[in-house]
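Here are some short exercises to work through with the model open beside you. Try each task before reading its solution.

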Amino acid sequence: MALLTGFLLAATLGVFHHFAILFIRLFTPHLGEQKHRGILTAFLGLLLVHTIEIIAYAAAYKIMIDAAWWGSLTGDFDGSFYDLIYFSGINFATLGYAQVSTDGAIRMVAMMQALGGFMVITWSATFIYTIWQDVMDHHWRLTQEDE
């Protein structure tokens, strides 16, 4: 059940991230005079999206911890939502955190969050690179036309 829950949360993360990227793309300025603004819009938009994703996972952990059968977080963890956001963010970035341990079924959800986080972070990096590449291609075309 925990692995399925983790899978469903990661799948939801992927769907949310897909539509968030499409939304960010709508607000990313076209090439030309606003080339730097386009890259920065994408970066700041993705920063906001990843923050929302981390907080959403923290809320899911809160629900699971309150329903005691999922297990618990132990160690340097006081049970606050602030600590849940921190744990979720560290887990999302797949770094892990030795002072906070997962006990019980919640471990499977944390594992799937790490996998999903890695996937969407990579996706985001590819998205920013694509915008950067479009800007550079446009810049080089303009430079060659001026010669």
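**Exercise 1. Which residues of α1 are buried?**

Solution. Keep in mind that this is a predicted model.
- The buried residues in α1 are A2, T5, G6, A10, L13, H17, A20, I21 and I24.
- For the geometry behind such a list, recall that an α-helix has 3.6 residues a turn, so residues three or four places apart point the same way.

**Exercise 2. Check the span of α1 against the value expected for its 26 residues.**

Solution.
- Begin with the rise: at 1.5 Å a residue, the 26 residues of α1 should span 38 Å.
- The expected span is 1.5 Å times one less than the number of residues.
- Next, take the end C-alpha atoms of α1, which are 37 Å apart, in agreement with the expected span.

**Exercise 3. Is I21 buried or exposed, and what does I21 touch?**

Solution.
- Locate I21 in helix α1.
- Its relative accessibility is 9%. Buried means under 20%, so I21 counts as buried.
- Leaving out residues up to four places away in sequence, I21 has contacts with L46, W123 and F127.
- Now look at A42: this residue is 21 residues from I21 in sequence, while their C-alpha atoms are 8.5 Å apart in space.

**Exercise 4. Which residues form a nonpolar patch on the surface, and how does L8 qualify as partly exposed?**

Solution.
- The members of the patch are M1, L4, F7, L8 and W69.
- Together they have about 610 Å² of accessible area.
- L8 sits in helix α1, which covers residues 2–27.
- With 46% relative accessibility, L8 counts as partly exposed, because that class lies between the 20% and 50% limits.

**Exercise 5. Find the salt bridge and describe the partners of K62 and D66 in terms of helix and accessibility.**

Solution.
- The structure holds one salt bridge.
- It joins K62 to D66, with the closest N and O atoms 3.3 Å apart. The cut-off to test against is 4 Å.
- Both residues belong to helix α2 (residues 35–66), and they are four residues apart, about one turn of the helix.
- K62 counts as partly exposed because its relative accessibility is 33%.
- D66, at 55% relative accessibility, counts as exposed.

**Exercise 6. How many aromatic pairs does the structure hold, and which residues do ring pairs link into a cluster?**

Solution.
- The structure has five aromatic pairs.
- Y57, Y61 and F87 are linked into a cluster by ring pairs.

Technical notes:
Residues are numbered from 1 along each chain as its sequence is written. This is a predicted model: local features need pLDDT of at least 70, side-chain atom pairs count only at pLDDT 80 or more; totals for chains, interfaces and linings use all residues. Side-chain values use heavy atoms; hydrogens and water are left out. Patches are made of residues with over 30% relative accessible area and no salt bridge: like charges are joined within 9 Å, nonpolar side chains (Val, Leu, Ile, Met, Phe, Trp, Tyr) within 5 Å. Accessible areas come from the Shrake-Rupley method with a 1.4 Å probe; for residues, only the protein chains shown count as cover. A salt bridge is a side-chain nitrogen of Lys or Arg within 4 Å of a carboxyl oxygen of Asp or Glu. Helices (H or I, at least four residues) and strands (E, at least two) are DSSP runs, numbered from the N terminus. Buried means under 20% relative accessible area, exposed over 50%, partly exposed in between (1.4 Å probe, protein chains only). Contact means heavy atoms within 4.5 Å. Rings of Phe, Tyr and Trp (its six-membered ring) pair if their centres lie within 6.5 Å; planes under 30 degrees apart count as stacked, over 60 as edge-to-face and the rest as tilted.
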